[in-house]
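Colleague: Please take me through one part of this model in detail. I would like the ligand site: what surrounds the ligand, and which polar atoms face its oxygen atoms?

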Amino acid sequence: MKKFFPKNFLWGAATAAYQVEGAASVEGKGVSVQDSKNFSNAFHDTTVTSDHYHRFREDVALMKALGLKSYRFSIAWTRIYPDGRTLNTQGLNFYHQLIDELLKNGIEPLVTLYHFDHPQILQNQFGGWYSDRMITHFLMLAETCFREFGSRVRWFMTICESNNVVLYPDLIGGVPEGVDIEVWRFQVSRVMALANARVIQLCRKLLPEAKIGPCIGYAIAYPATCAPQDVMAALNEDEFRSFYPLDLLCLGRQNPLIISYFSQRGIDIRLPQPELNEMNAARPDFIAFNYYQSDVAKACPTEAEHVQPGFNAEGKQGGFIYPSFPGLYAGDNNPFLERSDWDWEIDPVGLRIACRKLFDRYQLPLMITENGLGARDNLINGQVNDTYRIDYLKKHVEQMRLAICDGVPVLGYYPWSFIDLMSTSNGYNKRYGFVYVEREDGDVKTLARYKKASFYWYQNVIASNGTLLD
Ligand code: BGP
C-alpha cells in the first residue's frame, strides 16, 4: 500500500471573505448580499467578523507557523466592483498585499472567485444569479482577477457550491418575488454553469499555465435500507443534488432524471445545444468539493408534502429539519454515525466513498476544499483543547489517504477553516478554526488569536507529509 501523500500535495486550509474579513464598508467596499443580511438573525453580522482585513499579516504569520503549503480564500466581489461595474483599486490593493504576503511566506494561494457575496445592487436590479446578465458582471470580475493576480496565482476556483446555493436560496440573496422556486433553481444552475464555462475559457486564454475548476458541496447519499425504493431514492438524491450540476459543469450534459422531474411539474428545462456545447468545451482541470457529512435518503411518494431542507439553529442534537422532495427522496438520520451538536453526521469513510464516486464518474483530479467539525470551543487559560476536532480531522485525512491508495488523484486538502470565522448558519457559536479568535456573537472582545490543540496536530501532519497518521 502506498504510504505517503504525493510530493507537492497541497496541505491547505480555507476561509471565505464575508465570514472572516470584516471591514464590510471600508475603502470603497460596496454592499454585498451577505452584508444585507446583517442581523437578519441573531448572529449574522459581517461588519467585523474575525477582522482578517486589518490583521492579515498576523494571520499569514500564523499560517506560516502552521506550515501551510496553500491557503484558500475568496475574493469579496464588492471590494473590487462595489456596484458590480466600477473598479475600486483600494479593494484590489488588499488582495495584492495578501497574495504578496502569502508568497513571501512560501504559501500558494488558491483563489475562490465567488463565494456567496455578489453586489446587492445586482440582486436588486435583475435578481442576481437568476439572470443571464450576471454572467457579464462575473466575467468582468474574473478578468480583473486574472489580469491583476494571474502572474502570482496558479490555482483558481470559479463558484463555491453552485449545487448547494440552489437548495438554500437565502445563501445568495433569495428567490426574487413571484418566481417559482423550482424554476429559480434550474435557472440559477444554468446561469452558474454558463458563467463557469466562460470563466474557464477566459482563464485558458489569459493564463494558460493556471489551473481552474468548479466547486460543489458533496454529501453522498446512502439508502435508508436495502429496499430497492430506498436505493432508488439515494440515487435520486445524488443525481438531483450533485450530479445534475456537476454534469453541466464538467461534461456539458443534462441528467435525464432531472429533465423528467421538472417536466412532470410542467417545466421544460432542456437547454439549447449551443449552451451545452459551450459547457462541454470548457473542461475543468479539477473538481473541488466540500465534504462535511453524508446523507440518508428514503423513498418519498409523489403525494408527500414538499419540505425544504432546514438547519439546526440551536446546536442541540435532534433539531435538524430533513428535506422531503416528493417523487425523489426524503432525508433521514443515520443510526450508524455520530453527529455534531448541529446534527451534521460524522462520516470519515464517506469521504473516501465521495472521492471514489466523483473520480469514477468524471475522471478528473479532485481537491477537497472544505472539511471540518463545527463545535463550541472553550478558551481556558489561553488554550483550546479541541481533541474532538483532531479526532474528526485525523479520521478524514486517513480516509483521504486510502482514497489516494485506491488510485484517486487528490491534489490538495483544505480543512475548514484556517481560523475561527462567522459560521454561515450559526455564527461564532459554532467554530471550525485551527486558530481561536476571542470574540462572541454580538461582542467583538479583543479579537486576539490563540493556537488550538488542533493547530499543533495539523502542523505535525503537514511537516511529516501525512506520515504521522500511522
Ligand atoms: C459551506 C460553505 C462555507 C461554510 C461551511 C460550513 O457550505 O461553503 O462558507 O459556511 O459550509 O457551514 P456553516 O458555517 O453553516 O456551519
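Modeller: What follows is a walk around the ligand site, with a short look at one set of strands afterwards. Keep in mind that the model is predicted.

Start with the space itself. The ligand takes up the largest pocket. Its shell holds 14 residues. The closest are Glu161, Thr424, Ser425, Lys430 and Tyr432. Sorted by class, the shell has six nonpolar residues, five polar ones and three charged ones.

Now the polar atoms. Two of the closest residues come up again here, Glu161 and Thr424. In Glu161, a polar side-chain atom sits 2.7 Å from an oxygen atom of the ligand. For Thr424, an N or O atom of the side chain is 2.7 Å from a ligand oxygen atom. Gln19 also has a polar side-chain atom 2.7 Å from an oxygen atom of the ligand. As for burial, the ligand taken alone exposes 380 Å², and the protein buries 92% of that.

Next, the strands. Strand β11 covers residues 329–332, and strand β9 covers residues 295–298. The two run antiparallel and are joined by three bridges. Ala297 has Gly331 of β11 as its bridge partner. Strand β10, residues 324–325, also pairs with β11 in the antiparallel sense, over two bridges. There, Ser324 is partnered with Ala330 of β11. β10 and β11 form a hairpin with three residues between the strands. In that hairpin, Gly327 takes a positive phi near 85 degrees.

Note on methods: Residues are numbered from 1 along each chain as its sequence is written. This is a predicted model: local features need pLDDT of at least 70, side-chain atom pairs count only at pLDDT 80 or more; totals for chains, interfaces and linings use all residues. Side-chain values use heavy atoms; hydrogens and water are left out. A residue is near a molecule or strand if one of its heavy atoms lies within 4 Å of it. A polar contact is a pair of N or O atoms within 3.5 Å; within protein, one must be able to donate a hydrogen and the other to accept it, and residues adjacent in sequence count only if both atoms are side-chain atoms. Accessible areas come from the Shrake-Rupley method with a 1.4 Å probe; for residues, only the protein chains shown count as cover. On a 1 Å grid over the protein atoms alone, a cavity is a set of points where a 1.4 Å probe fits but cannot get out, and a pocket is an open set with protein on both sides within 12 Å along at least five of seven lines; lining residues have an atom within 4 Å of a point. A molecule sits in a cavity or pocket if more than half of its atoms lie within 2 Å of its grid points. Ala, Val, Leu, Ile, Met, Phe, Trp, Tyr, Cys and Pro count as nonpolar, Asp, Glu, Lys and Arg as charged, and the others, Gly among them, as polar. Two strands pair if DSSP finds at least two bridges between them. Helices (H or I, at least four residues) and strands (E, at least two) are DSSP runs, numbered from the N terminus.
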